[in-house]
Amino acid sequence: MNGIKYAVFTDKSIRLLGKNQYTFNVESGSTRTEIKHWVELFFDVKVIAMNSHRLPVKSRRVRPIMGHTMHYRRMIITLQPGYSIPPLRKKRT
């Protein structure tokens, strides 16, 4: 299950943590039910609401070729009161 790319830590997402809402970037091809099932299974929590939006595509130029960044969606997941997701830590190499 590789639908969730990574957690997002911006000013807004940190403010939403107080409301028991967590923000993740997910692949654009994954569905809401897949993400909900994966979050409930992996983190052992109960999801009551999910909001998603597509981020704008940014243009990139590599010499004469014009392209754009990869598409992904941002999901804001609301958990039931009493549940929380523990902080994730990066592995040191």
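Helices, as the term is used here, are DSSP runs of H or I with at least four residues, and strands are runs of E with at least two, numbered from the N terminus. In these terms the chain, which is a predicted model, follows the order β-α-β-α-β-β-β-β along its sequence. The secondary structure thus described comprises 2 helices and 6 strands.

The C-alpha trace extends over about 55 × 30 × 25 Å along its principal axes. Of the 93 residues in the chain, 30% are buried. Among contacts with a separation of 6 or more, 61% are between residues 24 or more positions apart. The surface exposed by the chain amounts to about 7300 Å², of which carbon and sulfur atoms supply 54%. Charged side chains number 18 positive and 5 negative, and a distance of 11 Å lies between the centres of the two sets.

The largest nonpolar core contains 15 residues, and the members that touch the most others are Phe24, Ile35, Val39 and Ile77. At least two residues of this core come from each of β2 (21–27), α2 (32–43), β3 (47–54) and β6 (72–79). Helix α2 provides the largest share, with 4 residues. The surroundings of Ile35 can be described in detail. With residues up to four places away in sequence left out, Ile35 touches Gly3, Ile4, Val26, Ser30, Met50, Met75 and Ile77.

One of these partners, Ile4, belongs to strand β1, which covers residues 4–7. Ile4 counts as buried because its relative accessibility is 15%, and the cut-off for burial is under 20%. Again with residues up to four places away in sequence not counted, Ile4 touches Phe24, Asn25, Val26, Ile35, Trp38 and Val39. The contact with Trp38 joins positions 34 residues apart in sequence, and the C-alpha atoms of Ile4 and Trp38 are 8.6 Å apart in space.

Strands β4 (residues 59–62) and β5 (residues 65–68) run antiparallel and are joined by 4 bridges. Within this pairing, Val62 has Ile65 of β5 as its bridge partner. The two strands β4 and β5 form a hairpin with 2 residues between them, and the turn includes Arg63.

Backbone geometry was also examined. Most residues other than glycine have a negative phi. Arg63 has a positive phi, near 55 degrees, and is not a glycine. The residue is situated in the loop between β4 and β5. With a relative accessibility of 74%, Arg63 counts as exposed, since the exposed class begins over 50%.

A positive phi is likewise found at Asn20, another residue other than glycine, where the value is near 65 degrees. Asn20 is placed in the loop between α1 (11–16) and β2. Its relative accessible area is 15%, and Asn20 is therefore buried. The two loop residues thus fall into opposite classes of accessibility, as Asn20 is buried and Arg63 is exposed.

Conventions. Residues are numbered from 1 along each chain as its sequence is written. This is a predicted model: local features need pLDDT of at least 70, side-chain atom pairs count only at pLDDT 80 or more; totals for chains, interfaces and linings use all residues. Side-chain values use heavy atoms; hydrogens and water are left out. Buried means under 20% relative accessible area, exposed over 50%, partly exposed in between (1.4 Å probe, protein chains only). Contact means heavy atoms within 4.5 Å. Accessible areas come from the Shrake-Rupley method with a 1.4 Å probe; for residues, only the protein chains shown count as cover. Lys and Arg count as positive and Asp and Glu as negative; His and the chain ends are not counted. The place of a charge is taken as NZ of Lys, CZ of Arg, CG of Asp or CD of Glu. A nonpolar core is a set of buried Ala, Val, Leu, Ile, Met, Phe, Trp, Tyr and Cys residues joined through side-chain atoms within 4.5 Å. Two strands pair if DSSP finds at least two bridges between them.
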